[in-house]
Each structure stands twice: as structure tokens, then as C-alpha cells.
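Me: I'm new to this structure and would like a close look at a single part of it. Could you pick one helix and walk me through its surroundings?

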Amino acid sequence: MTNQPYDGYQDGYDPYWQQQAQQQHQPQQPQAWPGQGHQGYEDPYAAQQYTQQWQGQTWETQTHQPVTAPAAADTAYLPQQGDETPAPASAAYGAASAEHGAASAEYGPATLAGNRRMTDAQRARAEGRSPVIEPGMQPAALTALLGLLLAGAAAVGAYALLVPLVVLQAVTAAGWFRLNGMWPARQGIALGFAGALAADAALLASGRSPSAILGTLGVWVLLALVLQLRSHADPDERMYGLMATVAASALAIVASGYLAADADAVTVGAVAVAVAVLVRALPLPTAASVVVALLAGAGGGAAAGWLTGLGTSGALVGVGAAVCALIGHRVASYDYPSRFVHFTAGVALPLAAAAPAVYVLGRAVA
């Protein structure tokens with residue numbers, strides 16, 4: 001017998017790895033540490049033995065059944081084999097919402113898939129319906145009441161006219177923002193109303209000169225621009241807010257034209273607006289309702305002109321005021337407005353829009 005040194009791996013037997021296999025019940029491939037080399041595989045038969053034993057315990061994907069389609073549909077996220085990009089998380093939502101029909105998938109609520117939320121007006125257009133709902137008789141009655149208050153206060157004096165005018169300007173600023181879907185918008189409403197008050201004060205201080213309205217309007221446009229530049233919102237949202245603020249401020253400031261106009265013209269125009277809006281709210285076809293409302297405005301202006309001294313010229317002022325009032329009434333009816341819009345913009349816009357016509361036509365016939 002030849003004396004050979006014992007190296008610990010004779011006959012393919014390794015007591016260290018045999019002990020590890022018994023403890024873990026699953027063989028692991030030995031790691032080669034730095035500087036150790038291949039001491040664990042001095043015997044080629046031992047290396048082959050452990051390599052084959054590891055391959056025998058490896059997970060084989062071919063031996064398992066593939067995932068069925070129903071199981072994939074029930075999961076929110078399941079990457080498909082062979083695709084480099086995994087399926088989006090909203091794939092299951094799209095499959096689950098398919099039973100609601102093409103209509104709900106086309107203009108339903110906003111989802112993870114990027115479906116944009118549609119407004120009621122857009123849905124109405126898609127379904128072939130009108131996106132306009134008129135305020136109705138109750139807002140028209142409030143408009144007529146406010147118009148009659150303006151007419152009576154104008155006959156008393158400028159400071160008496162200031163009270164219902166301030167109410168009109170406040171409701172105009174608030175209603176315009178709500179009509180544009182921006183609520184709450186306290187800063188924009190406060191800015192528009194403050195511009196209206198500044199215009200009223202400038203008119204009274206300047207002897208009711210119309211240049212005070214133009215000067216106040218220019219300053220307030222600049223203030224609205226500065227406020228929007230300081231905003232941290234998205235560029236599109238800032239532009240939308242800027243336009244809404246400028247429009248609300250302009251309408252509230254332009255309503256100060258009642259304070260700059262002739263007192264008799266204010267009385268005639270306010271009466272014409274009150275009559276025209278009431279007739280427009282009657283249940284008549286749209287074309288017939290507009291014609292009858294204009295005729296009623298002319299008649300109301302002529303009657304008020306006969307009482308104030310304008311005579312037949314009151315009919316001209318009444319027609320002009322009625323045309324502007326119907327335009328404001330139409331604007332307040334757009335885009336499926338809410339009840340709050342009807343009782344703010346629906347009440348104030350007919351009177352606010354008629355202010356420039358009352359001033360210009362009153363100066364022309366005076």
C-alpha cells in the first residue's frame with residue numbers, strides 16, 4: 001500500500017457539503033472565496049457530482065402550466081411573456097368597464113388610463129343635445145327687481161343709485177367666476193369687486209367723468225396680470241385664471257356706467273331690461289321669445305321715456321338696453337350652469353351688459 005496524504009476529497013466524499021445538504025435539504029453551489037482558488041474541486045468527479053445535483057433541483061419553467069386568461073384578467077398587473085414593456089395597471093380596469101358600453105368608455109370619469117373627464121356641455125354635444133339652459137322665471141324676477149331699484153334710485157340721485165349698483169357689481173364678479181367653473185375663487189372675486197368700488201369712487205370724485213372707468217379698467221388689468229404671474233399653477237391654468245379675472249373685473253367696472261350716464265337714461269334703460277328679461281323667461285319658442293322681448297323692451301323704454309321727459313327717444317334707449325340684456329342672458333345660460341350661476345350671473349349679467357348701451361344712447365338722445 002502506498003502512503004498518500006489525505007486531502008479530504010478522496011472517492012468524491014466531502015463531509016462539509018454533505019452536512020450542509022442534510023441541514024438545508026437543498027444543495028447550494030459552493031462559493032469560491034478570494035485567494036481560495038478551486039480547492040473544492042481538486043477531484044474532477046466531485047465537481048461533476050455537485051454540478052449535476054444542483055441542476056436536478058433547479059426550477060424548470062417548462063414543467064409548469066401557463067397562467068390562464070381568466071386569472072390574468074383578475075390581476076391588476078401582469079406582464080406578458082415576450083414583451084419588453086409590462087402591461088399598464090389600468091388594463092384590468094378597461095376590461096372590467098367594457099360591460100358598461102361604449103358611451104361610458106367614451107366620456108366616463110377620469111381613470112388611470114388617461115380618459116379626460118368631460119363636462120356636461122361636452123356630453124350634451126356628443127349626444128346631440130343643447131348645452132344651454134336658461135335661468136328661468138325666478139332669476140328673471142330678481143333681475144327685474146334689481147332693475148326697478150336702479151331706475152328708482154337714479155331718479156333720486158347719484159348716491160342713492162350707488163346702493164343697488166354696488167349689489168349688482170358684487171353679484172356680477174361672483175357669478176362670472178362660477179359661470180366659468182372656477183370656485184372657490186375668492187381672490188379673483190375680491191379683485192373684481194374692488195375694481196368696481198374703485199371705479200365708483202373715481203366717478204364720484206371726477207364729477208362722473210367716463211374716463212375714470214377706462215383708467216380703473218387699465219389699472220385692474222395690470223393688477224390681474226401681476227397676481228397671475230405670482231401664481232405657482234400650471235401655465236394653462238394661470239392663463240385661464242387671468243382671462244376669468246380680467247373679464248370679471250371688466251364687467252363689474254363697466255357696470256359703473258350707470259353712475260356715469262344721464263339719470264333719465266338710467267331709468268329708461270333699467271325699466272327696459274326688467275321688462276325684456278321677464279318676457280324672455282316666458283315659455284315661448286326661442287326666436288319668438290327674443291322678438292317679443294325686444295318689442296317689450298322698446299315699449300317699456302318708451303313708457304319710461306314719456307314719464308322722464310325723453311319722449312319717443314326712450315324707445316331707442318330701451319331697444320339698445322334690451323339687446324345687451326338678452327346677450328347677457330344668453331351668456332349666463334351657457335354650459336349647463338348650476339342653480340348658483342342662475343341666481344348670480346343669470347341675475348346680474350343682463351343689467352351689467354346693458355350699462356354701456358345706456359350710457360352711449362343716453363348721451364346721444366339727451
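Reply: Here is a walk along one helix, H9, and on to the parts around it, with a short look at other helix pairs at the end.

A little background comes first. This is a predicted model, and its protein chain holds 17 helices and zero strands. Of the 366 residues in the chain, 35% are buried. Among contacts with a separation of 6 or more, 70% join residues that are 24 or more positions apart.

Now to the helix itself. H9 covers residues 186-205. How far apart should its ends be? With 20 residues at 1.5 Å a residue, H9 should span 28 Å, and its end C-alpha atoms are indeed 28 Å apart, so the expected and computed spans agree.

Which residues of H9 are buried? They are Gly188, Ile189, Leu191, Gly192, Gly195, Ala196, Ala199, Asp200 and Leu203. As you look at that list, one general point helps: an α-helix has 3.6 residues a turn, so residues three or four places apart point the same way. The buried residues of H9 pack against four helices, namely H8, H10, H11 (235-254) and H12 (257-260).

Let's take H8 as the first of these neighbours. Two packed helices are described by the angle between their axes and the distance between the axes. The axes of H8 (residues 158-179) and H9 come within 9 Å and cross at roughly 155°. An angle over 145 degrees counts as roughly antiparallel, and therefore H8 is roughly antiparallel to H9. Their crossing is right-handed. On the H8 side, the residues that meet H9 include Ala158, Tyr159, Leu162, Leu165 and Val166, and further along Gln169, Ala170, Ala173, Ala174 and Phe177. On the H9 side they are Gly188, Ile189, Gly192, Phe193, Ala196, Leu197, Asp200 and Leu204. Several of these H9 residues also belong to the buried set, among them Gly188, Ile189, Gly192, Ala196 and Asp200.

Next, follow the chain out of H9. The helix is followed by Gly207, whose phi is positive, near 75°. Arg208 sits in the loop between H9 and H10. Arg208 also has a positive phi, about 65°, although it is not a glycine. For context, most residues other than glycine have a negative phi. Is Arg208 buried or exposed? Its relative accessibility is 30%, so Arg208 counts as partly exposed.

The chain then enters H10, which spans residues 211-229. Ala212 is part of this helix. With a relative accessible area of 11%, Ala212 is buried. Ala212 looks back towards H9 in its contacts: leaving out residues up to four places away in sequence, it touches Ala202, Leu203 and Ser206. Leu203, you may recall, is one of the buried residues of H9. Another buried residue there is Ala199; the C-alpha atoms of Ala212 and Ala199 are separated by 6.4 Å, with their positions 13 residues apart along the chain.

Further along H10 you reach Gln228. Its relative accessibility is 18%, under the 20% cut-off, so Gln228 counts as buried. Apart from neighbours within four places in sequence, Gln228 is in contact with Arg238, Gly241, Leu242 and Thr245.

For comparison, here are two other helix pairs. The axes of H14 (residues 286-308) and H15 (residues 313-331) come within 7 Å and cross at roughly 140°. That angle makes H14 oblique to H15, and the crossing is right-handed. Residues making this contact include Gly297, Ala298 and Gly301 of H14, together with Gly314, Ala315 and Gly318 of H15.

In the other pair, H13 (residues 263-280) and H17 pack at an angle of about 140°, with their axes 9 Å apart. H13 is therefore oblique to H17, and H13 passes H17 in a right-handed crossing. Among the residues in contact are Ala265, Val266 and Gly269 of H13 and Pro350, Leu351 and Ala354 of H17. In H17, 15 of the 21 residues are buried, so this helix is largely enclosed by the rest of the structure. H17 bends by about 35° at Ala355, and a proline, Pro356, follows within four residues. The 21 residues of H17 (residues 345-365) should span 30 Å at 1.5 Å a residue, and the end C-alpha atoms are 30 Å apart, which agrees.

Notes
Residues numbered from 1 in each chain as written. Predicted model: local features only at pLDDT ≥ 70, side-chain atom pairs only at ≥ 80, totals over all residues. Heavy atoms only, no water. Expected span 1.5 Å × (residues − 1). Bend = angle between axes of the 7 residues up to and from the residue. Buried < 20%, exposed > 50% of the residue type's maximum accessible area, 1.4 Å probe, protein only. Axes fitted to C-alpha atoms, helices over the stretch in contact; angles between N-to-C directions. Parallel < 35°, antiparallel > 145°, perpendicular 65-115°, else oblique. Left-handed = near helix turned anticlockwise from the far one by under 90°. Contact = heavy atoms within 4.5 Å.
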